[in-house]
Amino acid sequence: MMNYSKILGTGSYLPEKILTNFDLEKTLDTTSEWIIERTGILKRHIAADHETALSMAENAARAAMKAANIAPSEIGMIIIATTTPEKMFPSTACLLQQRLEIAGCPAFDLNSTACAGFVYGLSIADKYIRDGSVDNVLVIGSEVMSRVLDWTDRSTCILFGDGAGAVLLGKSNEPGILSTHLHADGTHKDVLYLDTSVGKPIDVESALYLKMSGNHLFKLAVNILDELFDETLAANGLVKSDVDWLVPHQANIRIIQAMAKKLDLPLDRVAITLDEQGNTSSASIPLALDKAIRDGQIKRGQILLLEGFGGGLAWGSALIKY
Ligand code: ACO
């Protein structure tokens, strides 16, 4: 009998504090209207001082385990995608494993795949479940982007938010994850980066904050995702009309609209949290997925196309029968 992996449950965590575009108008040379028109973002959640990638990951993970009715002792692997980890090491995943009191299982972070990290994690988890070595995997995206932003740079700080999303992926006799497709192209390394480094002496002024060529990245993203969708559907012998839901990385509403158009999907078949949460990097896909599932929009049996792209560049997709 074939092993497949399936989404057994999802969970989210968002910090209580909300920062609106109007709040940003007070400290930056920007307007709410500009932000909405160019990005689709209205507000974002910001972590309190005591909140971290670990604390938010724990909340999201516990919600996913509860939804799946799986106890911590049944977890066989923990993968956390984060660009804003608790520490350089140990991994945030090891720290979460300690909190869940499940010493022994593999636990690791995908630290540098940025906004594509969650899809990378899902792909790895799927392979381990399919080969029969693990039954249940926690795949989490957790980010405190607010701590790596230059709050005086209006071209980047308006875009991001904090939060965590988790998926509990478990063994199944029937297909759940149909395929995953991962890519990277390091020739675009300068389009989006965070220079904090131990490889060279740190220039404190420039090393602490995320840097992005937004317009360049926008154009790259649209082309890359277009090809990625073709690749994903062709690998499964499916056509656009077979896709029930697009669950995209939440970077910019104009990119999301272009991707929906590519699939001939109306926007009410796209899981969107961008307006309320901004870009939460590797947490954005599981956050959007969890919301659409809990709101009763995404239903069992439907076909979902997940896509992520970000610094690296790194990008990837997952086609899933939910
Ligand atoms: N308020 C007002 N004006 C602004 C603001 C702001 N917040 N930010 C920039 N501007 C100005 C610029 O200075 C520029 O002015 P100029 O014409 O006088 O030079 C003008 O607006 C246009 O700037 P562009 O950068 O060309 O604007 P664009 O339409 O490209 O929108 C944006 C910028 C929203 C960043 C867009 O390019 C984008 O979303 N890019 C994609 C980002 C992305 O996909 N990131 C995903 C990866 S995230 C990750 O991996 C962590």
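A residue is taken as near the ligand if one of its heavy atoms lies within 4 Å of it. The model analysed here is predicted. Around the ligand there are 27 residues. Thr30, Arg38, Cys115, Asn215 and Asn252 come nearest. By class, the shell holds 13 nonpolar residues, 10 polar residues and four charged residues.

The shell draws on both domains. Domain 1 spans 4-174 and domain 2 spans 178-321. Each gives residues to the shell, so the ligand lies between the two. Several secondary-structure elements supply at least two shell residues each. These are helix H2 (32-39), helix H7 (214-235), helix H8 (253-262) and strand S12 (303-310). H7 gives the most, with four residues. The space that the ligand takes is the second largest pocket.

Polar atoms of the protein approach the ligand at several points. Arg154 places a polar backbone atom 3.0 Å from a nitrogen atom of the ligand. Arg254 uses its side chain: one of its polar atoms lies 3.2 Å from a ligand oxygen atom. At Gly311, a backbone N or O atom lies 3.2 Å from an oxygen atom of the ligand. On its own, the ligand has 1,000 Å² of accessible area, and the protein covers 74% of this.

Backbone geometry was also examined. A cis peptide bond joins Phe89 and Pro90, with omega about 0 degrees. Pro90 lies in the loop between strand S4 (77-81) and helix H4 (92-100). Another cis peptide bond joins Gly312 and Leu313, where omega is about -15 degrees. Leu313 belongs to the loop between S12 and strand S13 (314-321). S12 is also one of the elements that supply at least two residues to the ligand shell.

Asn69 shows a further backbone feature. Its phi is positive, at about 60 degrees, although Asn69 is not a glycine. The residue sits in the loop between helix H3 (53-68) and S4. S4 thus borders two of the loops described: the one with Asn69 and the one with Pro90.

Methods
Residues numbered from 1 in each chain as written. Predicted model: local features only at pLDDT ≥ 70, side-chain atom pairs only at ≥ 80, totals over all residues. Heavy atoms only, no water. Polar contact = N/O pair within 3.5 Å; in protein donor to acceptor, adjacent residues only side chain to side chain. Areas by Shrake-Rupley, 256 points an atom, 1.4 Å probe, with all protein chains shown as cover. 1 Å grid on protein atoms, 1.4 Å probe; cavity = no way out; pocket = protein on both sides within 12 Å on 5 of 7 lines; lining within 4 Å. Sits in = over half its atoms within 2 Å of the grid points. Nonpolar A, V, L, I, M, F, W, Y, C, P; charged D, E, K, R; others polar. Domains from an automatic or database assignment.
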